[in-house]
Amino acid sequence: MIANSFEYSKPASLAEVLTQLADGSAKPLAGGMSLIPMMKLRLSSPEKLIDLSGVPGLDAIAESGGTVRVGAMATHHALESSAVLRGKCPLLAETASNIGDVQVRNTGTLGGAAAHADPSADYPAALLALEAKFLVASSKGTRTVDVKDLFVDALSTSLEPGELIQEIQVPVDDSKVGTCYRKVFQPASGYATVGIAVRVRQDGAKITFARVGVTGLASKAFRATAVENALLAGKSVADAAALVNNGVDANSDIHASAEYRKHLAQVTTERAINAALARIA
Ligand SMILES: Cc1cc2nc3c(=O)[nH]c(=O)nc-3n(C[C@H](O)[C@H](O)[C@H](O)COP(=O)(O)OP(=O)(O)OC[C@H]3O[C@@H](n4cnc5c(N)ncnc54)[C@H](O)[C@@H]3O)c2cc1C
């Protein structure tokens, strides 16, 4: 299908983008990997698209003061190949490398993927495990949104009309942390039937810190706190992983029934935790 007609602009500054977004009738356009298909299917019909690709610096990736800052327009390929991320935040680079195919990774962006909030998207699991923050800008100023407050439901975030994700901020992991992202690919698109992001720290045989982010399993990504607490309480990895489905209303679709997804989640959680533990340097 052909999208409804719309206006298009490509401002050369962030201030101009925010001015044009201010009345809430326009939508930001990042990589267009999700927005354009939705417009063609007429699931979305914005009056105006504001192309973010003309804003200099919105794709920067840098580390300072113990925080990695990733500009919203950084592509998945930029994340997977970033020396800064590979050194300071390998979980985010690993997650990016698991997205879709080469074309999607060359075009899609971290900010667009986060704002789209697909329940099978990869980044939300990693961003939850990393306790990321979002610098959100609008014509009224900026605010910081904790990742736990961003994802509201499938395709729904706490962003207000006129707001833009400017930057994603992630605390730098220290050398005693092991991380891993594991997913079961949906064969046609590459989306996560389930995806598990793990960040753990160990002192001798004891796990002293655990963060487990889960995507694909439910209508929105979430932290599996039952798994985290079981690891901290000294339960075996297998017993802790078995708790990933606790209280979860699992998705069921043509790709996987709820029961099968729960099975995949348990197995993938166990594998991801073991891989993260094996990576602790
Ligand atoms: C064939 C295919 C396979 C894919 N496979 C995967 C996969 O395996 N894993 C995965 O996670 N994803 C996958 N994706 C999705 C891909 O990662 C997209 O890039 C992503 O969902 C959207 O990013 P985008 O930059 O293209 O955003 P766009 O499509 O341009 O925008 C998406 C939404 O976010 C809004 N938006 C964009 N940027 C911002 C911003 N900075 N602030 C606020 N709102 C903003 C837009 O207005 C729109 O509503 C796939 C997509 C395709 C087409």
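Throughout this tour, a residue is called buried when its relative accessible area is under 20%, exposed when that area is over 50%, and partly exposed in between, with a 1.4 Å probe and protein chains only. The structure on screen is a predicted model, in which local features need pLDDT of at least 70 and side-chain atom pairs count only at pLDDT 80 or more, whereas totals for chains, interfaces and linings use all residues. Residues are numbered from 1 along each chain as its sequence is written, and side-chain values use heavy atoms, with hydrogens and water left out.

**The whole chain**

Begin with the full protein in cartoon view, where there are 12 helices and 14 strands; helices (H or I, at least four residues) and strands (E, at least two) are DSSP runs, numbered from the N terminus. The radius of gyration is 19 Å, close to the 19 Å that the globule rule gives for 281 residues, so the protein is as compact as a globular protein of that length. That radius is taken over C-alpha atoms, and the rule is 2.2 Å times the number of residues to the power 0.38. Turning the C-alpha trace along its principal axes, you will find that it spans about 60 × 45 × 30 Å. Of the 281 residues, 49% are buried. Among contacts (heavy atoms within 4.5 Å) with a separation of 6 or more, 61% are between residues 24 or more positions apart.

**Helix α5**

Select residues 90-97 next, which form helix α5; six of its eight residues are buried, so this helix is largely enclosed by the rest of the structure. The buried ones are L91, L92, A93, E94, T95 and A96.

**Two loops toward the N terminus**

Select G32, in the loop between β2 (26-29) and α2 (35-40). G32 is buried, with a relative accessible area of 10%, and its C-alpha atom is separated by 8.1 Å from that of G112, although the two are 80 residues apart along the chain.

Then move to S53, in the loop between β3 (48-51) and β4 (61-64), which counts as partly exposed at 43% relative accessibility. The side chain of S53 is joined to that of D51 by a polar contact of 2.8 Å. Such a contact is a pair of N or O atoms within 3.5 Å; within protein, one must be able to donate a hydrogen and the other to accept it, and residues adjacent in sequence count only if both atoms are side-chain atoms. Not counting residues up to four places away in sequence, S53 touches K10 and M73, while its C-alpha atom is separated by 6.8 Å from that of A30, 23 residues apart along the chain.

**Two positive phi angles**

Most residues other than glycine have a negative phi. Select E131, in the loop between α8 (123-129) and β6 (133-138), where phi is positive at about 55° although the residue is not a glycine; E131 is partly exposed, with a relative accessible area of 28%. Continue to L155, in the loop between β8 (151-153) and β9, where phi is also positive, near 55°, and where the relative accessibility of 46% counts as partly exposed.

**Strand β9**

Finish at T157, in strand β9 (residues 156-157), which counts as buried at 18% relative accessibility. The side chain of T157 reaches the backbone nitrogen of L159 at 3.2 Å. To display its other surroundings, add A114, A115, A117, L150 and V152, with which T157 is in contact once neighbours within four places in sequence are left aside.
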